Amino acid sequence: MSDAENAAFVNPGITGSVLAGASNFAGTGATVAAVDADLKRLVDLVPGAHLPGAAFVMTQETATSLSLLRGSGGAAAYPLITPQGGFLLGLPVFITPAALMLGSPTAPLLGLLVPPEIFRAD
């Protein structure tokens with residue numbers, strides 16, 4: 001039940017989810033520079049990303065990949081993120097298996113939500 005509720009809330013392929021119809025783009029790569037550019041682009045796309053309560057949503061696999069990414073010198077590029085969540089760019093990270101783009105195969109997504117801007121009726 002909770003998986004279905006998570007998907008209904010987050011999955012952009014489900015009509016009525018908070019990410020359905022949202023602006024999106026494909027990530028440009030797995031280097032620190034590419035991820036930084038993608039994160040900047042995402043923050044720039046989301047009105048209200050600076051508001052209190054804004055948070056990233058992603059799968060555990062995406063969070064794990066970000067936590068393992070190393071910059072020059074071997075230091076963690078994003079030291080406050082873990083496979084369980086944490087913080088990215090100072091914003092909280094929520095983990096859900098529903099953070100997927102539907103298709104064949106499915107693809108993980110990294111979303112940015114602004115709760116004060118979300119209105120949902122069920």
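Start with strands β1 and β4: they pair in the parallel sense over 3 bridges. Keep in mind while you click around that this is a predicted model. To see one of these pairings up close, pick Met-58 and look across to β4, where its bridge partner is Ile-95.

Now keep β4 on screen and add β3, residues 85–88. These two strands pair in the antiparallel sense, again over 3 bridges. Select Gly-86 and you'll find its bridge partner in β4, Val-93. Follow the chain from β3 to β4 and you go round a hairpin with 2 residues between the strands. Stop at Leu-89 in that turn, which has a positive phi of about 55°.

Next, go to Leu-88. What does Leu-88 touch, once residues up to four places away in sequence are set aside? Show side chains for Leu-39, Phe-56, Met-58, Leu-66, Tyr-78 and Val-93, and you have the set.

That brings us to the largest nonpolar core, which has 18 residues. Colour Phe-56, Met-58, Leu-66, Tyr-78, Ile-81, Leu-88 and Leu-112, the ones that touch the most other members. The elements giving two or more residues to this core are α2 (32–45), β1 (55–58), α3 (60–68) and β4 (91–95). Of these, α2 supplies the largest share, 3 residues. Apart from this core lies another one, of 8 residues; Val-10, Ala-98, Leu-109 and Leu-113 are among them.

Helix α3 is the next stop. Select Thr-62, Ala-63, Leu-66 and Ser-67, its buried residues. They sit on the same side of α3, because they cover an arc of only 135° around the axis. Turn the helix over: the face pointing away from the buried side carries Glu-61 and Leu-68, both exposed. Then bring back the surroundings to see what covers the buried residues of α3, including α2, β1, β2 (81–82), β3, β4 and β6 (107–108).

Last stop: Val-114, in the segment after β7 (111–113). Is Val-114 buried or exposed? Its relative accessibility is 6%, so Val-114 counts as buried. Leave out its neighbours within four places in sequence and show its contacts: Val-46, Pro-47, Gly-48, Ala-49, Leu-51 and Ala-54. To finish, draw a distance from the C-alpha atom of Val-114 to that of Gly-73; the two residues are 41 apart along the chain, and the atoms are separated by 34 Å.

Methods. Residues are numbered from 1 along each chain as its sequence is written. This is a predicted model: local features need pLDDT of at least 70, side-chain atom pairs count only at pLDDT 80 or more; totals for chains, interfaces and linings use all residues. Side-chain values use heavy atoms; hydrogens and water are left out. A nonpolar core is a set of buried Ala, Val, Leu, Ile, Met, Phe, Trp, Tyr and Cys residues joined through side-chain atoms within 4.5 Å. Buried means under 20% relative accessible area, exposed over 50%, partly exposed in between (1.4 Å probe, protein chains only). Helices (H or I, at least four residues) and strands (E, at least two) are DSSP runs, numbered from the N terminus. Contact means heavy atoms within 4.5 Å. Two strands pair if DSSP finds at least two bridges between them. The arc is that of the directions from the helix axis to the C-beta atoms.
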